[in-house]
Amino acid sequence: MGEKPEIVEPKDHLILAEALGLISLEDATRIAGSGFAVFRGKGARLERALISFLLDLQSGTNGYEEVNVPYVVKRECMEGTGQLPKFEDDMYGTDPGEDGRNQLFLAPTAEVPVTNLYRDMILAESELPKKLVACTPCFRREAGSAGRDNRGIIRIHQFDKVELVQLVHPDHGLRTLEELTVHAQSALEKLGLHYRTIELCTGDLGANAAKTYDIEVWAPGQGKYLEVSSCSWFGDYQARRMKLRFKDGEGKNRFCHTLNGSGTALPRLYVALLEQCQQPDGSIRIPEALVPYFGFHEIR
């Protein structure tokens with residue numbers, strides 16, 4: 001969707017960002033080591049503008065309740081959404097203590113604290129659906145191997161992400177996935193960025209997902225599409241692990257269905273914006289929808 005820009009000899013985002021003083025990997029390495037980034041000046045302002053734009057779009061136009069949640073979560077919350085035990089080596093965790101149950105983890109995605117807001121609860125059927133949006137930093141040990149595919153900020157240990165979560169009646173799960181995916185796509189539509197949406201085949205699905213769409217945005221400097229959102233319907237998989245239920249019209253306790261999707265992850269959106277909006281003189285054109293948040297029509 002969106003028109004694919006025709007750019008002669010496109011530069012990649014790191015060349016553009018370093019020339020304009022937007023991002024410094026060197027500064028981050030002195031502070032935290034490799035795999036981190038420092039955004040500076042208009043670079044930091046651009047990231048803040050994107051976050052505000054995304055939150056306003058989802059909490060306003062698309063009707064999500066904005067929440068601000070802790071960035072650390074209990075082990076049982078990570079188990080509830082399915083990050084543990086499979087991905088434990090990729091997570092940042094505190095000392096587990098003698099019994100192993102007092103361990104806290106830095107959230108790898110806002111999906112974890114937001115979905116767990118209703119763990120161990122029985123909701124009224126009339127309370128569904130729950131539509132929630134949050135922006136949090138995300139922390140992940142995996143940063144891939146060195147090379148062009150992970151150049152710059154494409155894959156880093158800490159990044160910001162706006163996450164969409166819905167808790168719905170089981171009869172509405174599949175329909176809601178289509179709705180949630182459109183909500184994630186709407187950010188790229190308003191920014192005028194070219195992207196594509198792919199339905200994952202069964203073999204590529206995570207163990208906890210029943211159906212997933214990946215949204216990939218075009219990055220001309222990379223010469224490829226980058227995933228900026230993965231929208232998934234989990235059926236009652238997460239709800240069973242979290243004991244998240246609702247009481248139906250017959251008075252029976254039933255498990256909700258859960259869904260989530262990035263709306264979107266910031267680093268790759270940032271990459272695509274710089275690379276798709278670059279001008280021949282090295283400046284960056286700011287999409288009109290973002291100008292009220294950023295305050296400028298261009299970066300030069």
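Student: What makes helix 3 a helix, and which strands does helix 3 lie across?

Tutor: A helix is a DSSP run of H or I with at least four residues, a strand is a run of E with at least two, and both are numbered from the N terminus. Helix 3 covers residues 42-61 and lies across strand 3, strand 7 (130-139), strand 8 and strand 14. Contact here means heavy atoms within 4.5 Å. Keep in mind that this is a predicted model, in which local features need pLDDT of at least 70 and side-chain atom pairs count only at pLDDT 80 or more, while totals for chains, interfaces and linings use all residues. Residues are numbered from 1 along each chain as its sequence is written, and side-chain values use heavy atoms, with hydrogens and water left out.

Student: How do you know at what angle helix 3 runs to strand 7?

Tutor: Axes are lines fitted to C-alpha atoms, for helices over the stretch in contact, and angles between N-to-C directions run from 0 to 180 degrees. On that scale, helix 3 runs at about 165 degrees to strand 7.

Student: What makes strand 8 and strand 14 a pair?

Tutor: Two strands pair if DSSP finds at least two bridges between them. Strand 8 (residues 158-168) and strand 14 (residues 257-265) are joined by seven bridges and run antiparallel, so they qualify. For a single position, L164 stands opposite G261 in strand 14. Both strands belong to an open sheet of seven strands with mixed pairing, in the order 3-7-8-14-11-10-9. Its edges are strand 3 (65-66) and strand 9 (195-199), each pairing on one side only.

Student: Why are strand 6 and strand 13 said to stand at the edges?

Tutor: They belong to an open sheet of three strands, ordered 6-12-13 with mixed pairing. Strand 6 (122-124) and strand 13 (253-255) each have a single partner strand, so each has one side without a neighbour in the sheet. The average twist from one strand to the next is 40 degrees. Strand 12 (residues 245-247) and strand 13 are antiparallel, with three bridges; R245 has F255 as its bridge partner in strand 13.

Student: Why is the space of about 1,200 Å³ called a pocket?

Tutor: On a 1 Å grid over the protein atoms alone, a pocket is an open set of points with protein on both sides within 12 Å along at least five of seven lines, whereas in a cavity a 1.4 Å probe fits but cannot get out. Grid points are joined across faces, edges and corners, and the volume is the space filled by probe spheres set on the points. The largest pocket holds about 1,200 Å³. Lining residues have an atom within 4 Å of a point; there are 42, and those closest to the centre are Q83, F87, R140, E227 and S230. Strand 11 gives the most to the lining, five residues.

Student: Why is the contact between R75 and E79 called a salt bridge?

Tutor: The definition asks for a side-chain nitrogen of Lys or Arg within 4 Å of a carboxyl oxygen of Asp or Glu. R75 and E79 meet at 3.9 Å, N to O, so the pair passes. Both lie in helix 4 (residues 75-81), four residues apart, about one turn of the helix. The whole structure has 14 salt bridges.
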